[in-house]
Amino acid sequence: MTMLKDPSLKYKKFDPKLNLKTRQWPLRTLDKPPRWLSTDLRDGNQSLPDPMTVEEKQIYFKKLVEIGFKEIEVAFPSASQIDFDFTRWCVQNAPSDVAIQVLAPCRPQFIKRTIDALKGAKKAIVHIYMATSECFRDIVFNLSKEETKKQATECTRYVRTLTKDDPNMHETEWMFEFSPETFSDTDPDYAIEVCESVKAAWNPSIRNPIIFNLPATVEMSTPNVYADQIENFCNKISERKKVCISLHPHNDRGCAVAAAELAQLAGADRVEGCLFGNGERTGNVDLVTLALNLYTQGINPHLDFSDMKSVIDVVEKCNKIPIHPRAPYGGQLVVCAFSGSHQDAIKKGFKKHEQKKRKLAFEAESSGKKCRIVDWKMPYLPLDPRDIGRTYEAIIRVNSQSGKRGASWIILRNLELDLPRGLQIEFSKVVQRETEAKTRELKTSEIVGLFETKYIIFPENTVIKLEKVNAFRLVDYHSDTKKGGKREIHSIIKNNNKEIKLNGVGNGPISAFANSLAAYFNRDFDVVNYHEHSLGKDSDSQAASYINCRIGSNPPLWGVGIHEDVNVAGFNALISCLNQSVRANFIHLN
Ligand SMILES: CC(=O)SCCNC(=O)CCNC(=O)[C@H](O)C(C)(C)COP(=O)(O)OP(=O)(O)OC[C@H]1O[C@@H](n2cnc3c(N)ncnc32)[C@H](O)[C@@H]1OP(=O)(O)O
Ligand SMILES: CC(C)C(=O)C(=O)O
């Protein structure tokens with residue numbers, strides 16, 4: 001195969017033919033959502049290998065309404081019977097506050113059929129398009145500038161005669177949209193000239209402005225250039241108040257979202273796009289990303305993606321294209337952290353968040369005022385996963401790249417056990433070995449299972465499991481206070497059917513019980529580290545104890561115990577250490 005030595009020689013640097021010296025958009029920030037239009041059922045649908053059936057379009061339409069779209073481009077009614085029939089269904093079923101938009105080329109017979117499809121609609125937007133760039137005029141249409149403008153203007157007049165000028169069509173609130181297709185590749189002055197002519201033909205009002213949709217039919221350059229083109233158009237078009245400037249950015253260079261954001265700064269009022277960026281070639285601008293980006297700037301997009309899963313289900317089912325796991329906000333993996341340092345930061349972030357929440361709740365209760373919302377400030381997570389229907393449990397996932405925090409987060413969320421640092425480190429090694437052996441991510445249930453098996457913290461009634469692992473458990477105890485404040489613990493522990501009576505004295509119950517074990521097993525039980533916390537918020541909540549104990553001359557082991565009686569929780573933690581010693585053959589049973 002022969003290749004050009006330097007393929008770049010084939011291409012010319014894009015020249016927007018603009019000299020915008022006083023651009024204002026870089027000085028602005030977004031402060032409100034745009035008017036949204038979903039074109040999933042038109043631009044999205046026309047680009048699918050298998051376009052949607054009427055039933056699929058109906059399901060999709062209902063979901064768009066549920067999300068909150070008030071303008072939906074439902075079809076290209078002159079293209080197929082399916083699109084025509086679906087437009088009729090929309091006319092009959094769209095909620096009264098939702099405008100149905102349909103697209104037609106600047107061809108009179110197509111326009112006629114398009115408007116026939118809309119008969120009886122409450123609110124309709126007739127959208128016609130005509131490419132204006134030199135490339136299209138020369139290659140596709142063989143039309144001069146004058147001829148192109150004339151065709152667009154005459155077709156606008158024709159739409160007018162069939163809609164707002166027709167007394168029989170007055171049950172519909174008619175809106176009109178014109179797209180100079182290939183706008184981003186069109187000489188800016190010429191795009192304005194065509195739009196001025198179309199505007200005069202439609203005669204819009206401030207109450208019902210004409211929509212000029214300025215598409216980046218093909219994304220030609222960096223997003224700042226598109227923003228310049230939009231600002232230039234906004235500045236120069238006459239009767240600006242009678243005009244709604246709409247964006248329709250495609251994603252050829254992968255910058256559609258950025259282009260739409262900058263172009264809103266440049267003055268655009270409206271954005272057309274698709275959920276998850278479906279559409280021709282690399283797609284239209286992704287409305288999910290645009291909308292949720294607004295949330296993270298403290299702006300309500302007035303589109304509801306709180307049940308993201310149901311949105312994805314509909315989109316995947318109808319488009320028959322899976323959502324990429326890394327798609328912003330919607331992708332399955334975007335709120336998941338596998339790597340240790342991310343997990344560490346997120347776990348600390350949630351801890352701080354919970355603390356702040358409790359503090360604000362306490363302040364509100366003491367002052368009798370409404371509780372303030374805690375500002376979202378979370379390492380690695382720009383949006384609260386709960387705002388898109390994701391649970392916190394699913395955020396941290398564990399594979400061989402995860403450090404100590406991942407596994408301990410899973411234990412915290414599932415067993416409410418807040419492991420001390422030393423135990424986190426010890427348990428993470430167990431998990432690491434397992435992920436390496438399995439060469440895959442571990443499921444939550446597997447991690448919980450590993451923890452319960454290693455620390456043998458089965459509830460008391462799981463006798464069979466305890467017998468299986470040859471484990472001791474506490475049967476009973478009572479405590480006496482000795483002279484000088486010392487404690488004496490008498491207890492019975494049991495392994496299989498063998499009961500053992502123990503007796504020990506110490507400064508407190510834990511040391512007394514450790515001493516009783518030391519006496520029976522004839523080796524030291526040194527408590528090196530001890531932590532405890534309560535589980536649950538009620539007064540009858542249980543206690544969790546964590547003990548790091550050196551048995552004989554072996555390395556210290558962590559044990560875990562849970563019980564309503566804090567003493568028993570501690571004894572169970574020591575028994576957990578004992579059981580691990582037996583399993584590791586540090587202690588041999590006769
Ligand atoms: C950028 C966009 O996404 S625009 C929307 C595009 N969407 C679609 O095309 C989906 C639906 N389209 C269709 O089903 C078909 O194209 C139809 C039914 C509309 C037309 O079918 P056909 O009559 O076979 O025409 P065809 O599909 O070949 O379209 C090309 C013709 O339309 C003309 N044309 C293209 N765009 C326009 C326009 N905006 N205004 C007027 N004529 C146009 C072309 O010049 C060409 O004309 P020619 O046949 O005289 O050379
Ligand atoms: C019809 C227009 C708006 C279009 O789809 C495009 O230019 O991409």
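**Notebook: a predicted model with two ligands**

I began with Ser-179, which counts as buried because 24 C-beta neighbours lie inside 10 Å. The model I am reading is a predicted one. I located Ser-179 in strand β5. I then asked which residues Ser-179 touches, leaving aside those up to four places away in sequence. They are His-127, Tyr-129, Asn-213, Pro-215 and His-248. I also checked Ser-179 against Leu-214: the two are 35 residues apart in sequence, and their C-alpha atoms are 6.0 Å apart in space.

**Confidence**

I noted a mean pLDDT of 94 for the chain, with 96% of its residues at 70 or more. For the complex, the predictor gives an ipTM of 0.97 and a pTM of 0.88. I keep one caution in mind: where pLDDT is low, the predicted coordinates should not be read in detail.

**Ligand 2**

I returned to Ser-179, since it is one of the residues around ligand 2. The others I listed there are Asp-43, Leu-103, Tyr-129, Glu-181, Asn-213, Pro-215, Thr-217, His-248 and His-250. Two elements, β5 (173-181) and β6 (210-216), give two or more residues to this shell. By class, I recorded 3 nonpolar, 5 polar and 2 charged residues around ligand 2.

**Ligand 1**

Which residues come nearest to ligand 1? Of the 16 around it, I found these to be Gln-46, Phe-76, Ala-79, Pro-105 and Cys-106. At least two residues of the shell come from each of α1 (40-46), β4 (123-131) and α5 (134-141). I divided the shell around ligand 1 into 9 nonpolar, 3 polar and 4 charged residues.

**Helix α3**

I compared the length of α3 (residues 81-93) with expectation: at 1.5 Å a residue its 13 residues should span 18 Å, and the end C-alpha atoms are indeed 18 Å apart. Asp-83, Phe-86, Thr-87 and Cys-90 are the residues I noted as buried in α3. Seen down the axis of α3, the buried residues fall within an arc of 105 degrees, so they line one face of the helix. I set beside this a general point: an α-helix has 3.6 residues a turn, so residues three or four places apart point the same way. On the face of α3 turned away from its buried side I found the exposed residues Gln-81 and Gln-92. The cover over the buried residues of α3 includes α2 (54-67), β2 (71-75), β3 (99-105) and α4 (108-118).

**Helix α4**

I turned next to α4, where Ile-111, Thr-114, Ile-115, Ala-117 and Leu-118 are buried. Down the axis of α4 these buried residues lie within an arc of 150 degrees, so they too line one face of their helix. Among the elements covering them I noted α3, β3, β4 and α6. After α4 comes Gly-120, with a positive phi near 95 degrees.

**Helix α7**

I measured nothing by hand here and simply recorded the computed span. The 15 residues of α7 (residues 188-202) reach 21 Å from first C-alpha to last, close to the 21 Å expected at 1.5 Å a residue. Which residues of α7 are buried? I listed Ala-191, Val-194, Cys-195, Val-198, Lys-199 and Trp-202. Around the axis they cover an arc of only 140 degrees, which puts them on the same side of α7. They pack against α6 (145-162), β5, β6 and α8 (223-236). α7 is followed by Asn-203, whose phi is positive, near 60 degrees.

**Positive phi in loops**

I looked further for backbone angles of this kind, given that most residues other than glycine have a negative phi. Glu-416 has a positive phi near 65 degrees and sits in the loop between α13 (404-415) and α14 (421-438). I counted Glu-416 as partly exposed because 15 other C-beta atoms lie within 10 Å. Asn-522, with a positive phi near 60 degrees, is in the loop between α17 (509-521) and β12 (525-535). Is Asn-522 buried or exposed? I entered Asn-522 as exposed, because 8 other C-beta atoms lie within 10 Å.

**Asn-19**

My last entry concerns Asn-19, in the segment before β1 (35-38). Asn-19 counts as exposed, because it has 8 C-beta neighbours inside 10 Å. Asn-19 and Ile-72 are 53 residues apart along the chain, and their C-alpha atoms are separated by 35 Å.

Methods: Residues are numbered from 1 along each chain as its sequence is written. Chains are lettered from A and ligands numbered from 1 in the order in which they are written. This is a predicted model: local features need pLDDT of at least 70, side-chain atom pairs count only at pLDDT 80 or more; totals for chains, interfaces and linings use all residues. A residue is near a molecule or strand if its C-beta atom, placed from the backbone, lies within 6 Å of it. Helices (H or I, at least four residues) and strands (E, at least two) are DSSP runs, numbered from the N terminus. Ala, Val, Leu, Ile, Met, Phe, Trp, Tyr, Cys and Pro count as nonpolar, Asp, Glu, Lys and Arg as charged, and the others, Gly among them, as polar. The expected span of a helix is 1.5 Å times one less than its number of residues. A residue is buried if 20 or more other C-beta atoms lie within 10 Å of its own, exposed if 12 or fewer, and partly exposed in between; C-beta atoms are placed from the backbone. The arc is that of the directions from the helix axis to the C-beta atoms. Two residues are in contact if their C-beta atoms, placed from the backbone, lie within 7 Å. pLDDT is the predictor's confidence in each residue, from 0 to 100.
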